[in-house]
Amino acid sequence: MYEKYFYNDSWIEGVAPVKPTSPTPDYNDFHVESLRWKDFLVKGSAYDLRQRVVKEDGIVFDVSFTFVYPGFTTQNEVCSPNAESRMWTLSNRVQIADNTSIEWDNSTAYFWPPFKRGILGPVVTACDGFSYDESGCNFMEDSFRRYGSCGILSKTRLKDPAVSWAPLMNTWSPDITFCHQAENVFSQSKTRMAILYYLKPAVDPGPPVEVFPPSPILSRSPSSCLQIKTFLNSSATDGIYTVNDQTVYCSMSKGGWMLLAKFSQDRDIR
């Protein structure tokens with residue numbers, strides 16, 4: 001699992017056993033489900049990225065940020081020598097749900113993308129809150145299993161603005177998540193959990209064009225779940241839709257979010 005979807009190739013590039021077609025966690029194993037994120041992103045366009053973590057004990061953390069897509073989804077694609085160029089800069093934090101009682105950092109947040117085999121130069125990780133160096137939080141050591149991880153961090157190193165390792169792939173942490181100021185919640189809880197990433201345009205693109213009346217059949221595939229929601233209006237329900245000619249899950253009741261990736265875990269099976 002680790003070698004195939006995190007080390008040799010990357011789930012964020014669509015190399016996953018299946019696509020995410022439901023937000024419901026499946027805890028009978030360690031599951032990796034992902035779309036190819038690039039298929040739904042246009043360089044220079046603004047989007048909202050949502051990170052949701054749910055635990056079987058009832059804990060829910062759900063947050064979204066706005067970002068302008070810089071054109072890459074893995075750090076392997078970036079040659080620039082500065083840390084900011086290897087991350088997505090986030091803004092406009094919206095706390096959708098949170099019953100963790102964790103005090104989150106409110107400084108500038110970043111999504112640090114995963115990296116896979118062949119990465120060159122210093123890499124960004126959330127090691128010690130924020131790390132940018134050649135060792136990449138010891139990523140060359142196989143036992144640390146840093147490849148394929150990602151999350152949301154800040155450069156203050158004091159507190160995380162969201163779950164900074166999600167997923168976390170090392171094997172000495174019982175959980176598939178890590179939060180520096182709350183390891184009892186995200187790292188050492190030994191509770192079954194799921195990580196979900198969602199995407200939608202930051203600006204409503206309006207309804208799809210060229211609709212054949214009277215049935216809602218579109219002459220071209222919509223570019224987002226939000227576009228479908230705008231067209232269907234109140235009749236839009238959560239479920240499977242076609243976006244960019246691909247089958248995706250749309251959370252219409254929550255605002256037109258498209259489910260990009262889902263990781264769910266029974267126990268320490270990674």
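Start by selecting Thr 89, which you'll find in strand 4. This is a predicted model, so keep that in mind as you click around. How exposed is Thr 89? Its relative accessibility is 42%, so it counts as partly exposed. Now show its surroundings: leaving aside residues up to four places away in sequence, Thr 89 touches Thr 66, Phe 67, Thr 108, Ala 109 and Tyr 110. Pick Tyr 110 from that group and draw a C-alpha to C-alpha distance from Thr 89. You should get 4.7 Å, although the two are 21 residues apart in sequence.

Stay in strand 4 and slide along to Asn 92; the strand covers residues 88-98. What is the sign of phi at Asn 92? Phi is positive here, near 55°, in a residue other than glycine. Turn on the surface and you'll see Asn 92 is exposed, with a relative accessible area of 52%.

Next stop, another backbone angle. Select Asp 128, in the loop between strand 6 (123-125) and strand 7 (131-133). Asp 128 is not glycine either, and its phi is positive, near 60°. Is Asp 128 buried or exposed? Its relative accessible area is 59%, which is over the 50% cut-off, so Asp 128 counts as exposed.

One more backbone spot: go to Pro 167, in the loop between strand 8 (151-154) and strand 9 (193-201). Look at the peptide bond that leads from Ala 166 into Pro 167. That bond is cis, with omega near 15°.

Now head for strand 2, residues 46-55, and select Lys 55. Is this lysine buried or exposed? Lys 55 has a relative accessible area of 7%, so it is buried. Bring up the residues around Lys 55: beyond those up to four places away in sequence, it touches Tyr 27, Val 185, Phe 186, Ser 189, Thr 191, Arg 192 and Met 193. Zoom in on Ser 189 in that list. The side chains of Lys 55 and Ser 189 are joined by a polar contact of 3.1 Å.

Time for some rings. Colour the aromatic residues and you have 18 aromatic pairs to hunt for. One of them is Tyr 2 with Tyr 7, a stacked pair with 6.4 Å from centre to centre and 25° between the planes. Why does this pair count as stacked? Because the planes are 25° apart, and stacking asks for under 30 degrees. Check the surface for both partners: Tyr 2 is buried, with a relative accessible area of 7%, whereas Tyr 7 is partly exposed at 24%.

Keep Tyr 2 on screen and add Arg 145. This arginine lies over the face of the Tyr 2 ring, at 4.3 Å from the ring centre. There is another arrangement to look at: select Arg 50 together with Tyr 198. The charged end of Arg 50 sits over the Tyr 198 ring, 4.5 Å from its centre.

For the last step, colour the whole protein by pLDDT. The mean is 89, and 90% of the residues reach 70 or more. Which stretch falls below 50? Residues 210-219 do, and in the model this stretch has 13 contacts beyond near neighbours in sequence. Where pLDDT is low, the predicted coordinates should not be read in detail.

Conventions: Residues numbered from 1 in each chain as written. Predicted model: local features only at pLDDT ≥ 70, side-chain atom pairs only at ≥ 80, totals over all residues. Heavy atoms only, no water. Phe/Tyr/Trp six-rings, centres within 6.5 Å; stacked < 30°, edge-to-face > 60°. Buried < 20%, exposed > 50% of the residue type's maximum accessible area, 1.4 Å probe, protein only. Lys NZ or Arg CZ within 6 Å of the ring centre and 35° of its normal. Helix = DSSP H or I, 4+ residues; strand = E, 2+ residues; numbered from the N terminus. Contact = heavy atoms within 4.5 Å. Polar contact = N/O pair within 3.5 Å; in protein donor to acceptor, adjacent residues only side chain to side chain. pLDDT = per-residue confidence, 0-100.
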